[in-house]
Amino acid sequence: MTERYAVIGNPVSHSQSPLIHAEFARACGHAIRYEKLYAERGEFAAEAEKFFSAGGRGLNVTLPFKGEAFRLADEVSERARAAEAVNTLSLRDGKLYGDNTDGIGLVRDIVQNLDFPIAGKRVLILGAGGAVRGVLEPLLAEKPESLTIANRTLIKAEALAHHFAPWGALIAVGYAELEGLHFDIVVNGTSSSLSGELPPIPHGLFSPRTLAYDMVYSRGLTPFLQRAQGENSGMLADGLGMLVEQAAESFSIWRNVHPDTRQVTHMLREVLA
Ligand code: ATR
């Protein structure tokens, strides 16, 4: 029987996951079915349980349910425990296992695809919401020289620094404190690009040695990447590679094969063009 997978979210219609997983399965010669599953707010646990009791093998979980998925899981990985968020659920020996592949997706895109080591680098991440929380443990595991979180609402950055202290040191600052500082990697983990805005970063943050990375992907350059380009940032990247890498990690959790990602990223870039 063809094994069933799905991405569950609200909204979910925009999700590229079915396309990505169908391509992975084709390339690996696996026969799977991967659908989109819409859940009303408050109905996540019931929908997920229904999916698994009907024989479903794995779920990707997207906004706004990653925290609920963490609480629903019987067992979770270390990185999901750190994030307190789950984006990948699987049924293993009757137990629901939760993992979070977002952070390793970001790290692989930076380190492997962009060939930009994180170890020993000064890293700045903008934002302190769910997107950032999901990637901090894998970023810390790369052993950057320093990891700074800047957020409009400073107390949220400070709370993250406190929560992640067992995994490594984080420096929490407001945007004004970034004045005059330089970083090797600047990651935009705010949702500002979704509303066409730029976080209030001071000028002069980027240099020809800087990688500017927006976790959001889009057709043209996001306002953040436009600023980085205008300040001669050495490298610009959006989050499409991260999207494909997090999916590849989910696929390998479910199917025990790590699919090749280059082809799929290339295809998606064309689909989105
Ligand atoms: P997500 O799950 O996408 O991270 P979230 O939890 O709502 O969403 O968090 C959104 C993040 O983007 C927050 O860090 C938010 O800053 P505040 O905590 O100060 O609200 C940040 N953000 C959103 N729009 C922004 C903007 N225009 N400039 C700067 N930061 C912004």
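**Figure 1. Backbone contact of Ser 191 with the ligand in the predicted model.** A backbone N or O atom of Ser 191 is placed 3.1 Å from an oxygen atom of the ligand. The isolated ligand would expose 640 Å², of which the protein buries 76%.

**Figure 2. Side-chain contacts of Lys 156 and Glu 197 with the ligand.** Lys 156 has a polar side-chain atom 2.7 Å from a ligand oxygen atom. Glu 197 brings a polar side-chain atom to 2.6 Å from a nitrogen atom of the ligand.

**Figure 3. The shell of residues around the ligand.** The ligand is surrounded by 15 residues, and those that come nearest are Ala 128, Asn 151, Thr 153, Lys 156 and Glu 197. By class, the shell holds four nonpolar, eight polar and three charged residues.

**Figure 4. The largest pocket, in which the ligand sits.** The volume of the largest pocket is about 1,400 Å³. Its lining is made up of 50 residues, and Leu 63, Ala 131, Leu 194, Met 215 and Val 216 are the closest to the pocket centre. The lining comprises 19 nonpolar, 23 polar and eight charged residues.

**Figure 5. Secondary-structure elements in the lining of the largest pocket.** At least two lining residues come from each of β3 (58–61), α3 (66–72), α6 (130–133) and α10 (240–255). The ligand sits in this pocket.

Conventions
Residues are numbered from 1 along each chain as its sequence is written. This is a predicted model: local features need pLDDT of at least 70, side-chain atom pairs count only at pLDDT 80 or more; totals for chains, interfaces and linings use all residues. Side-chain values use heavy atoms; hydrogens and water are left out. A residue is near a molecule or strand if one of its heavy atoms lies within 4 Å of it. A polar contact is a pair of N or O atoms within 3.5 Å; within protein, one must be able to donate a hydrogen and the other to accept it, and residues adjacent in sequence count only if both atoms are side-chain atoms. Accessible areas come from the Shrake-Rupley method with a 1.4 Å probe; for residues, only the protein chains shown count as cover. On a 1 Å grid over the protein atoms alone, a cavity is a set of points where a 1.4 Å probe fits but cannot get out, and a pocket is an open set with protein on both sides within 12 Å along at least five of seven lines; lining residues have an atom within 4 Å of a point. A molecule sits in a cavity or pocket if more than half of its atoms lie within 2 Å of its grid points. Ala, Val, Leu, Ile, Met, Phe, Trp, Tyr, Cys and Pro count as nonpolar, Asp, Glu, Lys and Arg as charged, and the others, Gly among them, as polar. Grid points are joined across faces, edges and corners, and a volume is the space filled by probe spheres set on the points. Helices (H or I, at least four residues) and strands (E, at least two) are DSSP runs, numbered from the N terminus.
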